[in-house]
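Hello! Here are a few notes to read with the model open beside you. Take the points one at a time and find each residue as you go.

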Amino acid sequence: MSIKQGEYLKKLRAEHNLSQEQLSEILGISRQSISKWEQGNSAPDIENLTNLSEYYGVSVDSLVKGEPDEVINAESITVAEKTEEKEDTPDSSEKKKGHSWLFAGFPVLALIGYCVIGALFGGKGWAFGWIVLLTIPLFYTSVVAIKKKKPIVFCYPVLVLMIYLVLGLAFSLWHPLWIIFLTIPLFYIITAKANKKR
């Protein structure tokens, strides 16, 4: 990274009234990394460039060049303004409302499902109902994993536990089925490697 790029990153940080510590907390990295970028000793990786771009409302291209986006003519607008306009459209706000309702309402739906299954099927129903409650962390982590394209975020151990409980309660396969818990470390090894390649 050049000194020009570092100075531009420092300028953007100052414009947003952030200390290096505050920005490092926002990005989830060390303060020393921010300092190295601003001194021109190192460069942010693509993920941090994207996060900085979104946070500051500038294009990744401007961060790489170390200067603000050039305005071609009076009608042209920056990427950040386009994004804001897109977010303000009625369609996108309706989608957001629907998304946030489902996000807020999913635990309530799962709890209702738990109570209904328990009430309808008695003792075994209450046991199977726990499996419905386990869908709560699966739902949230799968949405985040898909949105961020990071499968490592997905709560795989809960999925394994759900499979174990379903097959154990339904078919009494407790003993041979415990072996599926050994897939948990494999899942994290594979997804961590895949994440590094990206």
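1. A word on terms before we start: two residues are in contact when they have heavy atoms within 4.5 Å of each other. With that in hand, look at what surrounds the second helix: the cover over the buried residues of α2 includes α1, α3 and α4. Please keep in mind that this is a predicted model.

2. Now step back to the whole chain. There are 11 helices and zero strands, so reading from the N terminus you meet α-α-α-α-α-α-α-α-α-α-α. The chain has 198 residues, and 29% of them count as buried. About 13,100 Å² of the chain is exposed, with carbon and sulfur atoms supplying 64% of that area. Of the contacts between residues at least 6 apart in sequence, 51% join residues at least 24 apart.

3. Let us zoom in on helix α1. This helix covers residues 3-15, which is 13 residues. From its first C-alpha to its last it reaches 18 Å, close to the 18 Å expected at 1.5 Å a residue. Just after α1, Asn17 takes a positive phi of about 50 degrees.

4. Which residues of α1 are buried? They are Gln5, Gly6, Tyr8, Leu9, Leu12 and Arg13. These residues lie on the same side of α1, because they cover an arc of only 160 degrees around the axis. The background is worth remembering: an α-helix has 3.6 residues a turn, so residues three or four places apart point the same way. On the face turned away from the buried side of α1 you will find the exposed residues Ile3 and Glu7. The buried residues of α1 are covered by elements that include α2 (20-27), α3 (31-39), α4 (46-56) and α5 (60-65).

5. Back to α2, where you can try the same reading. Gln20, Leu23, Ser24 and Leu27 are the buried residues here. Their arc around the axis is only 100 degrees, which puts them on the same side of α2. Just after α2, Gly28 takes a positive phi of about 75 degrees.

6. Next, a single residue to look at: Ser62, which is found in helix α5. Is Ser62 buried or exposed? Its relative accessible area is 1%, so Ser62 is buried, given that buried means under 20%. A polar atom of the Ser62 side chain lies 2.8 Å from the backbone oxygen of Ser59. Leaving aside residues up to four places away in sequence, Ser62 touches Tyr8, Glu67, Pro68 and Asp69. Tyr8 is one of the buried residues of α1 that you met above.

7. Finally, the aromatic rings. How many aromatic pairs does a search of the whole structure find? The search finds 10. In one of them, the rings of Tyr114 and Trp130 have centres 5.5 Å apart and planes at 55 degrees, so this pair is tilted. Tyr114 is buried, at a relative accessible area of 14%. In another, the ring centres of Phe187 and Tyr188 lie 5.0 Å apart with the planes at 85 degrees, so that pair is edge-to-face. Phe187 counts as buried at 16% relative accessibility, whereas Tyr188 is partly exposed at 29%. Phe187 and Tyr188 also belong to one aromatic cluster together with Phe154 and Tyr156.

Conventions. Residues numbered from 1 in each chain as written. Predicted model: local features only at pLDDT ≥ 70, side-chain atom pairs only at ≥ 80, totals over all residues. Heavy atoms only, no water. Helix = DSSP H or I, 4+ residues; strand = E, 2+ residues; numbered from the N terminus. Expected span 1.5 Å × (residues − 1). Buried < 20%, exposed > 50% of the residue type's maximum accessible area, 1.4 Å probe, protein only. Arc of directions from axis to C-beta. Polar contact = N/O pair within 3.5 Å; in protein donor to acceptor, adjacent residues only side chain to side chain. Areas by Shrake-Rupley, 256 points an atom, 1.4 Å probe, with all protein chains shown as cover. Phe/Tyr/Trp six-rings, centres within 6.5 Å; stacked < 30°, edge-to-face > 60°.
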